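Here are some exercises to work through with the model open beside you. Try each task on your own before you read the solution.

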Amino acid sequence: MARDRTPIRRRNRAVTASVAALTAGGIALAETPVSAAGLPKGHDVSSHQKNVDWQQSKAEGARFVYVKATESHTYRSPYFGQQYNGARNAGIIRGAYHFALPDKSSGRTQAAYFVRNGGAWTGDGWTLPPALDIEYNPYDKKHKCYGLSKPKMVSWIKSFSDETKRLTGRRPVIYTTAHWWNTCTGGSRAFAANHALWVARYNGADAGALPGGWSFWTIWQYDNGGALPGDQNLFNGSLSGLRKFARGA
């Protein structure tokens, strides 16, 4: 997912034969992986996408979207309202995500800020569970795990999850990569049993090896550009399964 505050991409992409040629702007022209044909398509957006044309997004096949709400405990996307409410008005199932900066404040503090600023959940069938985006530090390459030890990172995530559950009734979806998870949490298996996985992997025909503990993914972010605004995603199930996931059934 792209940072709101600078144009630099957060994640470096491996250049392989399976990845489409890059455009002049550095975004891949993505195609839905053959192995995932028929799964509900979605995307995720932040302030980079500004005011999204949601009717066009739906016409291009979007069935769900995650919208960036907050980062750390001080930033709220100025486009959150247009994006979150606009998606719902267009008939797209939507949810909010928080970009974690574990070196800035506690997991509990950031979860509370997130829920107050867009991360709430309701079982109306149109609202995805809140999501935690946790990945390599985009602001300090020397402290890619935010200066936290593996046990402290696990504790931070648990604190965020517990507070989110207390405030919303849902455990957060966890967005990450296998490499980050295994590097910064030591491959913790503490979350797989009750947290849906939103995994990012761009350079393969499938989602690849998953982070420690998970045996399947719920959402796969397979590219950072394509027919839909922002990053391209798939839901691992049917459209009715997506609706059940939103309701918490």
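**Exercise 1. Count the disulfides, and describe where each partner sits.**

Solution. Start with the rule: a disulfide is a pair of cysteine sulfur atoms within 2.5 Å. By this rule the count comes to one disulfide. The partners are Cys145 and Cys184, with an S to S distance of 1.9 Å. Next, look along the S-S bond: the angle is -70°, and the link of Cys145 and Cys184 is left-handed. The pair links distant parts of the chain, 39 residues apart, with Cys145 in the loop between β5 and α4 and Cys184 in helix α5 (residues 178-184). Helices (H or I, at least four residues) and strands (E, at least two) are DSSP runs, numbered from the N terminus. Finally, check burial, where buried means under 20% relative accessible area, exposed over 50% and partly exposed in between (1.4 Å probe, protein chains only). Both Cys145 and Cys184 are buried.

A word on the ground rules: this is a predicted model, in which local features need pLDDT of at least 70 and side-chain atom pairs count only at pLDDT 80 or more, while totals for chains, interfaces and linings use all residues. Residues are numbered from 1 along each chain as its sequence is written, and side-chain values use heavy atoms, with hydrogens and water left out.

**Exercise 2. Summarise the protein as a whole.**

Solution. First, the secondary structure: there are six helices and nine strands. Second, burial: 53% of the 249 residues count as buried. Third, contacts, meaning heavy atoms within 4.5 Å: among those with a separation of 6 or more, 67% are between residues 24 or more positions apart. Last, the surface: by the Shrake-Rupley method with a 1.4 Å probe, the accessible surface is about 10,900 Å², and 51% of it belongs to carbon and sulfur atoms.

**Exercise 3. Compare the span of helix α3 with that of a straight helix, then find what covers α3.**

Solution. Begin with the expected span, which is 1.5 Å times one less than the number of residues. For the 13 residues of α3 (residues 107-119), a straight helix would reach 18 Å, but the end C-alpha atoms are only 14 Å apart. Now turn to its surroundings: 10 of the 13 residues of α3 are buried, so α3 is largely enclosed by the rest of the structure. Among the buried residues are Gln110, Tyr113, Phe114 and Asn117. Their cover includes β2 (62-71), β3 (75-76), α2 (80-89), β4 (93-99), β5 (131-133) and α4 (150-168).

**Exercise 4. Classify the aromatic pair of Tyr66 and Trp198.**

Solution. A pair of aromatic rings is described by the distance of the centres and the angle of the planes. Rings of Phe, Tyr and Trp (its six-membered ring) pair if their centres lie within 6.5 Å; planes under 30 degrees apart count as stacked, over 60 as edge-to-face and the rest as tilted. The structure holds 12 aromatic pairs. In one of them, the rings of Tyr66 and Trp198 have centres 4.7 Å apart and planes at 25°, so the pair is stacked. The pair links distant parts of the chain: Tyr66 in strand β2 and Trp198 in strand β7 (residues 197-200), 132 residues apart. Tyr66 counts as buried at 0% relative accessibility, and Trp198 is buried, also at 0%. For another geometry, take Trp217 and Trp220, an edge-to-face pair with 5.8 Å centre to centre and 65° between the planes. Returning to the stacked rings, Tyr66 and Trp198 form one aromatic cluster with Tyr97 and Tyr175.

**Exercise 5. Which side chain makes a polar contact with the side chain of Ser105, and which with that of Asp231?**

Solution. A polar contact is a pair of N or O atoms within 3.5 Å; within protein, one must be able to donate a hydrogen and the other to accept it, and residues adjacent in sequence count only if both atoms are side-chain atoms. Ser105, in the loop between β4 and α3, is buried with a relative accessible area of 16%. The side chain of Ser105 meets that of His73 in a polar contact of 2.8 Å. Asp231 belongs to strand β9 (residues 231-235) and is buried, at 3% relative accessible area. The partner of the Asp231 side chain is the side chain of Gln221, at 3.3 Å.
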